[in-house]
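Here's a protein to wander through together. Take a moment to turn the structure around, and then we'll go through it piece by piece.

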Amino acid sequence: MLEQLNLAMDHIEERLTGEVDVAELAAIATTSEYHLRRMFSALAGLPLSEYVRRRRLTLAGAEVLAGERTLLDVAVRYGYGSGEAFARAFRAMHGIGPGEARRTGAALSSQPRMSFRLVVEGTSSMRYRIVEKEEFRVVGRKARVPLVHQGVNPAIAEFIRGLGRDTVERIAALSDQEPEGIVAVSDDLDPSRAEGTELDYYHAVVSSAPAPEDMDVLTVPAGTWAVFDNEGAFPQALQFLWRDVFTEWFPSNPYRSRPGPEILSVRLSPDGAEARAQLWIPVERAAAG
């Protein structure tokens, strides 16, 4: 998988002054567009679209300083329809407008070209199982919240605090199948998975019981799930689990992620210092190649 991903990175470099077609990149990486975006974001720490934008602006910055083309020519060369749009994007990355950068020879920011490699440490093994699950429902309360990559999500924390103990207990009582108990469900994420984009967050259970009228319901089609278990210091164990799934497990196993909700169960120790986490990721068999 990483070898094909690096071939896709080469393809991006060849297309920075033209169109970067994600479908072509996915074909080169022998995977789906959905999984390519997920894998790239997990490995690189930023969305694929943002990486392409920053690579273009890095090369554009060098051409602005070189002074061999007009600023409008540079803008058009890197996909901007107007000098104004180019200037806004240029300033957002470099902290200075292109005209001023050319006049003063200012120091600019740079997005290095990325390549990927697998570092084999052999220090731990991941506990997982593959589950074929029939159609099920997520029942609870839903909020539309911004995506936060690191740390506590304030919008989710505020949402949960506002539910009240009675509501949470009513939701918990509806749980009647795996994964058991209250779970955190993330659905309808933006394909870019960029910081600040929105998703549907459910504080809910997996249930076949009739849903009360005041509850939100998400029906999830039948499919294959990879289920990962981890335990350890909180929140480090949870953060490592999510990281390791996409940086270690997927590159080493014949599966790829598919569209669908991601389900997380966390059980804290009485003092809150330790946690047992279980993460359900929708997957499908990767095509042989």
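**A walk from the strands to the helices**

Let's start at one pair of residues: leucine 268 has alanine 275 in strand 9 as its bridge partner. That pair belongs to a longer partnership, since strand 8 and strand 9 run antiparallel and share six bridges. The two form a hairpin with five residues between the strands, and there glycine 272 takes a positive phi near 75°.

Now zoom out for a second. What you're looking at is a predicted model. The protein has ten helices and nine strands, and its C-alpha atoms fill a box of roughly 70 × 45 × 35 Å along the principal axes. Of its 289 residues, 43% count as buried. If you take the contacts between residues at least 6 apart in sequence, 72% of them join residues at least 24 apart.

Back to the strands, and to their other partners. Strand 8 also pairs with strand 3 (residues 183–187), in the antiparallel sense, over three bridges. One place to spot this is serine 186, whose bridge partner in strand 8 is glutamate 262. Strand 9 (residues 274–285) pairs with strand 6 as well, antiparallel again, over ten bridges. Look for aspartate 229, which stands opposite glutamine 278 in strand 9. Strand 6 (residues 223–233) is in turn joined to strand 1 (residues 127–133) by seven bridges, and these two run antiparallel. Here glutamate 132 stands opposite threonine 224 in strand 6.

On to the helices. Is the length of helix 3 what you'd expect, or not? Helix 3 (residues 33–44) has twelve residues, so at 1.5 Å a residue it should span 16 Å, and its end C-alpha atoms are indeed 16 Å apart. Several of its residues are buried: His35, Leu36, Arg38, Met39, Phe40, Ser41 and Ala44. What do they pack against? The buried residues of helix 3 have quite a list of neighbors, including helix 1 (2–14), helix 2 (22–28), helix 4 and strand 8 (262–268). Right after helix 3 comes glycine 45, with a positive phi near 85°.

Next, find helix 4 (residues 48–66) and helix 6 (residues 83–94). Two packed helices are described by the angle between their axes and the distance between the axes. For this pair, the axes come within 10 Å and cross at roughly 100°. An angle of 65 to 115 degrees counts as roughly perpendicular, so that's the word for helix 4 and helix 6. On the helix 4 side, the residues that meet helix 6 include Arg53, Leu57 and Val64, and on the helix 6 side you'll find Phe86, Phe90 and Met93 among them. By class, this contact has seven nonpolar, three polar and two charged residues.

Finally, a few backbone oddities. Most residues other than glycine have a negative phi, and most peptide bonds are trans. Which residues go against that here? Threonine 30 isn't a glycine, yet its phi is positive, about 50°. You'll find threonine 30 in the loop between helix 2 and helix 3, where it is partly exposed with a relative accessible area of 42%. Aspartate 188 has a positive phi too, near 55°. Its home is the loop between strand 3 and strand 4 (198–207), and aspartate 188 is partly exposed, at 46% relative accessible area. As for peptide bonds, the one from glutamate 178 to proline 179 is cis, with omega near -15°. Proline 179 is in the loop between helix 9 (165–172) and strand 3.

Definitions and conventions:
Residues are numbered from 1 along each chain as its sequence is written. This is a predicted model: local features need pLDDT of at least 70, side-chain atom pairs count only at pLDDT 80 or more; totals for chains, interfaces and linings use all residues. Side-chain values use heavy atoms; hydrogens and water are left out. Axes are lines fitted to C-alpha atoms, for helices over the stretch in contact, and angles run from 0 to 180 degrees between N-to-C directions. Helices (H or I, at least four residues) and strands (E, at least two) are DSSP runs, numbered from the N terminus. Angles under 35 degrees count as roughly parallel, over 145 as roughly antiparallel, 65 to 115 as roughly perpendicular and the rest as oblique. Contact means heavy atoms within 4.5 Å. Ala, Val, Leu, Ile, Met, Phe, Trp, Tyr, Cys and Pro count as nonpolar, Asp, Glu, Lys and Arg as charged, and the others, Gly among them, as polar. The expected span of a helix is 1.5 Å times one less than its number of residues. Buried means under 20% relative accessible area, exposed over 50%, partly exposed in between (1.4 Å probe, protein chains only). Two strands pair if DSSP finds at least two bridges between them.
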